[in-house]
Amino acid sequence: MLHSFLYTANPARIVFGPGCLSEIADEVRHLGCSRALVLSTPSRREDAERLNHQLGGLGAGVFSEAAMHTPVEVTERAMEAYAQAGADCVVALGGGSTIGLGKAIAYRNEAPQLVVATTYSGSEVTPILGQTENGEKTTRKHASILPEVVFYDADLTLGLSISMSVTSGLNAMAHAVEGLYAKDRNPITDLMALEGIRALKEALPVIVKQPKSLEARNNALYGSWLCGTVLGTVGMALHHKLCHTLGGSFVLPHAETHAILLPHTAAYNALATDALAPVAELFGGNPGGGLYDFAKLLGAPQSLKELGFAEADLDMAADLAVQAPYWNPRPIEREAVRELLQRAWSGARPE
Ligand code: NAD
């Protein structure tokens, strides 16, 4: 095959490996900074305090109000805390919610960002910020949003619950699956996507059985870095559109929604592209059914109904999902999407 493509890599400084957080002070200094505001969710405040302490004179304090979907009012309070602390950079310790807050601050004041990633959702390597205001979620893409330094220290993920490990791992896989058929994909993103899927396919079943396996945790972070990088590099399609619709308009939890929909969107698009052939090979013959069986093996949620989604809302969800559609390898047809959602709602295996 004669390739012809455009490849733009996002700059990234990745510090990877168990124990690597010990290098954080050096990395703050390397950025030319001296006052780091540490960010976290409320439940991770203690860890954030510990990290602030570890930073010694470089720690400017902790702001621990990060929340899912980056509410603008939280960002405004964080901006005040940043100014009051005399901070000159942020350290986001956590998953996509905390990372989103760091990105929202950087988008407003260009603060350099260090991220200590503790879930597998992949936000730390993308220049994308989704934020909510008055119940509406908007997405922005800008160079200032991309974190400067990312730490992947598996020691910090040993306590991530099995359910969160599984759903955020499947969230990462969804980035890579959509990356494989993206309109602007290229041989490099294909390599990253397949290696990321392979690593997570190997790691997640081990984490379910042995959540304290440092090797599996390290492998899962490796996969999530690769899958996140794909998300930050190429365009997403039907799967992400559906997840944004269900998350934004029906307030469904992010990672779980990705986990439930992935087999169905893969099955939908496998009818129109052979780009998922390597996924079929990895998961035993057919991408939709194979991904469904894999999620089942992991004990992931498999139906929108178990998230409390009302069957009566499926029509509205289908209507919203086909409005302003993202590019997709298969035409986005309202009736076919409605059918997909019905199967995802009931938890049926994709045909
Ligand atoms: P999260 O950040 O919401 O974390 C879920 C919960 O797990 C939180 O309570 C958190 O405190 C806790 N937690 C995180 N790491 C932990 C650990 N190691 N041990 C124990 N508890 C831990 O989860 P998420 O799925 O990573 O993030 C979801 C958010 O990220 C959504 O708002 C989504 O829109 C966003 N996101 C953005 C992008 C992007 O590129 N912009 C990509 C993926 C996700």
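## Polar contacts of the ligand

In this predicted model, the side chain of Thr 119 places an N or O atom 2.7 Å from an oxygen atom of the ligand. A polar contact is here a pair of N or O atoms within 3.5 Å. Thr 118 has a polar side-chain atom 2.7 Å from a nitrogen atom of the ligand. The backbone also takes part: a polar backbone atom of Ile 128 lies 2.9 Å from a ligand nitrogen atom. On its own the ligand has 860 Å² of accessible area (Shrake-Rupley method, 1.4 Å probe), and the protein covers 84% of this area.

## The surrounding shell

The ligand is surrounded by 23 residues (each with a heavy atom within 4 Å of it), and those that come nearest are Thr 41, Ser 97, Thr 118, Thr 119 and Thr 126. By class, 14 of the shell residues are polar, six are nonpolar and three are charged; Gly is counted as polar.

Helix α4 (residues 96–109) gives the largest share of the shell, three residues. Domain 1 (13–157) and domain 2 (162–346) each supply at least three residues, with bounds from an automatic or database domain assignment.

## Basis of the values

Residues are numbered from 1 along each chain as its sequence is written. Local features need pLDDT of at least 70, side-chain atom pairs count only at pLDDT 80 or more, and totals for chains, interfaces and linings use all residues, while side-chain values use heavy atoms, without hydrogens and water.

Terms used. A polar contact is a pair of N or O atoms within 3.5 Å; within protein, one must be able to donate a hydrogen and the other to accept it, and residues adjacent in sequence count only if both atoms are side-chain atoms. Helices (H or I, at least four residues) and strands (E, at least two) are DSSP runs, numbered from the N terminus.
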